[in-house]
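Here is a structure to look at together. Have a look around before the questions begin.

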Amino acid sequence: MLRAILCAVSVFLLPAAAFADNSVLTILYTGAMRGELEPCGCSPENLSGGLARLSGFIKANGEKFGPYVLVDAGNSLGDDSRQGRLKSDVVVRSFSLMKYDAAALSKDKSHADSVKSFKKYGLKPVGDVPGGKRSVRVKRGKLALNIGADSAAPLKGMLNVLLTERPTSELGQVEGWDVVVTSSGEVLDEPITSGRALVVSGYPRGQKLGVLTLSLDENGRISGFSHQWQALGNDIKEDPKVRGIISEYDGKVAELVRDEDMPQTGLSPFLGAESCQECHRAHHEGWKSTRHSAAFGTLEKAGKPRDPECVRCHSTGYGEDGGFYSISATPELAGVQCEACHGPGREHARDFRPMQPAGESVCVKCHTAERSPNFEFNRYIEGIGH
Ligand code: HEC
Ligand code: HEC
Ligand code: HEC
Ligand code: HEC
């Protein structure tokens with residue numbers, strides 16, 4: 001009995017004593033977010049992640065890890081498009097709110113605007129970019145860390161953390177580094193080793209936060225570690241500040257699609273499902289009862305009715321002549337309608353000429369492995385309401 005109590009007490013005291021000794025350090029890491037500000041929610045596999053939850057989690061739980069550093073290994077910004085640049089700004093601003101200790105930016109992935117974002121929010125990117133730093137030095141109690149992106153420059157007497165984009169198969173020489181965080185997009189369930197270094201990889205698209213806890217000996221060398229993936233599901237409370245930043249972004253994205261810029265192509269070859277109804281009542285009723293007919297409402301609920309990255313699969317004829325453009329300009333083509341599968345129907349309705357054949361190849365334009373990983377034609381065809 002007494003022994004049991006003593007045991008419980010020592011288990012309880014151990015981590016606290018260890019923290020005071022500064023022999024435990026946690027590295028919270030991300031990388032390879034690729035501008036994914038939040039999960040799209042298209043399938044159960046697409047429900048985890050997002051900057052608002054990441055920040056909510058860190059604010060609520062960061063301290064519980066004891067001394068920690070927060071790093072991003074790169075490949076996390078948007079691409080060099082108008083929308084991509086807006087995403088980059090959200091990512092960097094959120095990093096700044098979360099107080100990232102270091103975030104990597106590489107030359108070929110950076111552009112003038114991404115570097116500008118870093119400056120604007122008081123962060124310096126780690127990497128060989130204009131305005132970037134070769135490394136940052138961070139103190140946690142007695143422990144000094146060097147977090148850098150130049151694999152040739154570990155520092156003596158410090159715990160060295162390398163941020164890289166290189167895949168684990170091409171890491172090469174990492175002599176002198178204690179921990180390597182890559183943003184190659186590989187999924188490593190557990191850390192691997194390269195020489196003396198522990199190697200971890202940021203979870204693709206920010207779906208999970210990496211948590212690497214190191215035990216350090218009296219010389220500051222790693223003597224043990226534990227690792228876990230923190231999922232970011234809807235059980236995690238969002239940081240309202242980051243949510244606010246994303247809502248602002250949604251507004252700016254909506255402004256990118258201006259009705260006055262809609263290409264003028266004359267009479268649209270698309271008619272809209274209402275026009276099919278008069279001759280195909282049964283098909284129309286069947287379709288009405290499916291999720292396809294409500295697919296645009298889904299985007300309205302998600303706050304993204306004008307986001308081209310969502311609209312293209314949740315509407316009819318997007319990107320084609322006379323297809324869906326915006327909910328204000330082309331409301332009759334919102335949602336996944338008949339003509340998304342059968343092709344434009346104006347001529348057919350006039351002279352009954354055959355429609356484009358509809359089969360699996362049509363479905364997988366939208367039911368991609370990423371958005372609809374459970375898609376199986378034979379099962380899904382039962383659900384189209386015909
Ligand atoms: C490549 C096509 C594609 C893109 C792009 C896309 N979606 Fe989807 N979305 C789908 C498909 C297909 C489904 C149905 C998946 C399934 O059930 O297998 C779906 C389903 C959904 C659902 C689930 C609806 C429900 O009732 O459960 C939500 C929410 C959603 N999408 C939101 C979005 C948002 C937000 C975006 C943009 C960030 C987006 N989608 C971009 C194809 C896409
Ligand atoms: C998700 C894709 C999809 C949507 C949306 C869709 N269809 Fe179909 N439809 C098919 C497929 C697949 C077939 C069977 C293969 C074929 O005939 O090309 C089919 C067949 C048909 C046929 C041929 C008769 C039959 O039942 O085989 C008609 C008529 C038809 N659809 C009308 C419509 C109308 C009208 C709408 C809208 C109210 C609609 N469809 C919406 C995919 C779709
Ligand atoms: C004025 C009546 C009329 C309208 C409007 C009409 N259809 Fe049809 N549709 C027909 C008739 C009649 C057939 C049968 C023709 C045949 O079997 O040759 C047919 C056949 C079809 C078929 C199956 C044969 C094929 O060509 O693939 C599809 C699919 C179809 N229609 C889709 C549509 C869609 C989608 C719309 C709306 C954009 C639409 N139809 C509007 C009268 C109409
Ligand atoms: C233009 C894009 C697009 C095409 C083409 C398309 N789908 Fe879909 N599909 C969607 C979207 C988006 C959803 C989710 C709608 C929502 O709930 O917001 C969906 C949902 C579904 C669902 C409901 C899934 C569920 O879990 O309830 C079925 C079934 C389905 N699609 C079957 C098909 C089949 C079969 C085809 C091809 C014949 C097809 N779809 C073609 C975009 C598309």
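**Around ligand 4**

Author: His367 is partly exposed, with a relative accessible area of 23% (buried is under 20%, exposed over 50% and partly exposed in between, with a 1.4 Å probe and protein chains only). This is a predicted model, where local features need pLDDT of at least 70, side-chain atom pairs count only at pLDDT 80 or more, and totals for chains, interfaces and linings use all residues. Residues are numbered from 1 along each chain as written, chains are lettered from A and ligands numbered from 1 in written order, and side-chain values use heavy atoms, with hydrogens and water left out.

Reader: Which residues coordinate the iron atom of ligand 4?

Author: Donors are N, O and S atoms within 2.8 Å of the metal (3.2 Å for Na, K and Ca), and with water not among the atoms, sites may look incomplete. Here the NE2 atoms do the job, at 2.0 Å, and they belong to His292 and His367.

Reader: Where do His292 and His367 lie?

Author: His292 is in the loop between helix 7 (281–288) and helix 8 (295–301); helices are DSSP runs of H or I, at least four residues, numbered from the N terminus. The pair ties together parts 75 residues apart in sequence, since His367 lies in the loop between helix 12 (360–363) and helix 13 (377–380).

Reader: What is the arrangement of the 6 donor atoms around the iron atom of ligand 4?

Author: Six donors count as octahedral if opposite ones are over 155 degrees apart and all others between 65 and 115. The 6 donor atoms here subtend angles of 84 to 179°, so the arrangement is octahedral.

Methods: Tetrahedral: all angles 85-135°; square planar, octahedral: opposite > 155°, others 65-115°. Helix = DSSP H or I, 4+ residues; strand = E, 2+ residues; numbered from the N terminus.
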